[in-house]
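Work through the exercises below with the sequence and the model at hand. Each task is followed by a solution in steps.

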Amino acid sequence: MKKRHLFIIILLVFIALIVGILWISHIHDFELNNSKHETLSFSHADQKLSGTLIQPHDKTPDAVLVLIHGDGPMDRYANNGYYPLFNLLLAQNLAIFSWDKAGIGQSEGNWLNQSMEDRANEAIAAKNMLSTYYQGQNIPIGYFGYSQAGWVIPIAASLAPTDFSVIIGGAINWKDQGQYYQALRYHAQGKTPAEIDAQLAIEQQQNDALFAAGLTSPAVSHRSDMTPDRHTFVQKNY
């Protein structure tokens, strides 16, 4: 029995060492080394928005990406969650401009008051600021984003010229995607296909009424999981 205990202890120590080595080997993914940071701000809807331009160190970037966030109260680094992505882009000699959403971090306003058109115009304002910053350098500047960027970027690109647009995992239809995820949840709960279809039909009818244009905020009382500001945001974009 003692030998078995000793074996288990040695095995656990070995596993801990391996995990530690792997973690240390990838820790640089969560740091922005070998890059140059500059705080830049721009205005949209009479509000000042603050962000950071991240460029490869001692290099002229091949292109500049205007980062379009997905849903939620995102700051310029997504609470440091963007670091691995930024390092990957920097390694390809690409610069990134990312800003705090309205009302987050150092930016004024309230992102929950924005429609997708508002976000698109905000992105255009950011791109125009960068065009002035890089004036005369002939560096392509375009949009790069995911999730809700699937709605924001096409609007921005249609309203003003852009050198390129990149959408990863873009949102397409709010209603359809909501129903898809609800169906997955119900399936995991063991509901039958017929039960799922019936429940989704009821919820769709309720949501269509709840988020109808012009509906006032007291209707939020029907959704205990949603604040009045969130209700307004969904209503604007539903």
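**Exercise 1. Pairing around strand β2**

Task: Starting from H37, find which residue of β2 stands opposite, and then which residue of β4 stands opposite that one.

Solution. The model is a predicted one. H37 has I54 of β2 opposite. I54 in turn stands opposite I96 in β4. Next, take the strands as wholes. β1 and β2 are antiparallel and share ten bridges, while the antiparallel pairing of β2 with β4 has four bridges. The hairpin of β1 and β2 leaves two residues between the strands, and A45 there has a positive phi near 55°. Finally, consider burial: eight of the ten residues of β2 are buried, so the strand is mostly covered.

**Exercise 2. The sheet and its edges**

Task: Give the strand order of the sheet and state which strands stand at its edges.

Solution. The order is β1-β2-β4-β3-β5-β6, in an open sheet of six strands with mixed pairing. β1 (35-44) and β6 (165-170) are the edge strands. Each of these two has a single partner strand, so one of its sides lacks a neighbour in the sheet. On average, neighbouring strands of the sheet are turned by 20° against each other, direction ignored. For a parallel pair, look at β3 (residues 63-68) and β5 (residues 141-147), which are joined over five bridges. L67 is opposite F144 in β5. Helix α3 (residues 116-133) lies across β1, β2, β3, β4 and β5, and runs at about 125° to β1.

**Exercise 3. Two helices that cross**

Task: Describe how α5 and α6 cross and which residues meet there.

Solution. Begin with the axes: those of α5 (residues 174-188) and α6 (residues 193-210) come within 10 Å and cross at roughly 140°. The crossing is right-handed. On the α5 side the contact is made by K175, Q179, Q182, A183, Y186 and H187, and on the α6 side by I196, Q199, L200, E203, Q204 and D208. Sorted by type, the residues of this contact are four nonpolar, five polar and three charged.

**Exercise 4. Aromatic pairs**

Task: Classify the ring pair of W111 and F233 as stacked or edge-to-face, and do likewise for Y133 and Y134.

Solution. A pair of rings is described by the distance of the centres and the angle of the planes. The structure holds nine aromatic pairs. For W111 and F233 the centres are 5.3 Å apart and the planes stand at 70°, so this pair is edge-to-face. The pair joins distant parts of the chain, since W111 is in the loop between β4 and α3 and F233 is in helix α7 (residues 228-237), 122 residues apart. Both W111 and F233 are buried. For Y133 and Y134 the centres are 4.8 Å apart and the planes are at 70°, so the pair is edge-to-face. Y133 is partly exposed, at a relative accessible area of 30%, whereas Y134, at 4%, is buried. Ring pairs also link F42, F97 and W99 into a cluster.

**Exercise 5. The buried residues of α7**

Task: List the buried residues of α7 and name the helices they pack against.

Solution. The buried residues are H231, F233, V234, Q235 and N237. These pack against α3, α5 and α6. F233 is also the α7 partner in the ring pair with W111.

Technical notes: Residues numbered from 1 in each chain as written. Predicted model: local features only at pLDDT ≥ 70, side-chain atom pairs only at ≥ 80, totals over all residues. Heavy atoms only, no water. Axes fitted to C-alpha atoms, helices over the stretch in contact; angles between N-to-C directions. Left-handed = near helix turned anticlockwise from the far one by under 90°. Contact = heavy atoms within 4.5 Å. Nonpolar A, V, L, I, M, F, W, Y, C, P; charged D, E, K, R; others polar. Pairing = 2+ DSSP bridges. Phe/Tyr/Trp six-rings, centres within 6.5 Å; stacked < 30°, edge-to-face > 60°. Buried < 20%, exposed > 50% of the residue type's maximum accessible area, 1.4 Å probe, protein only.
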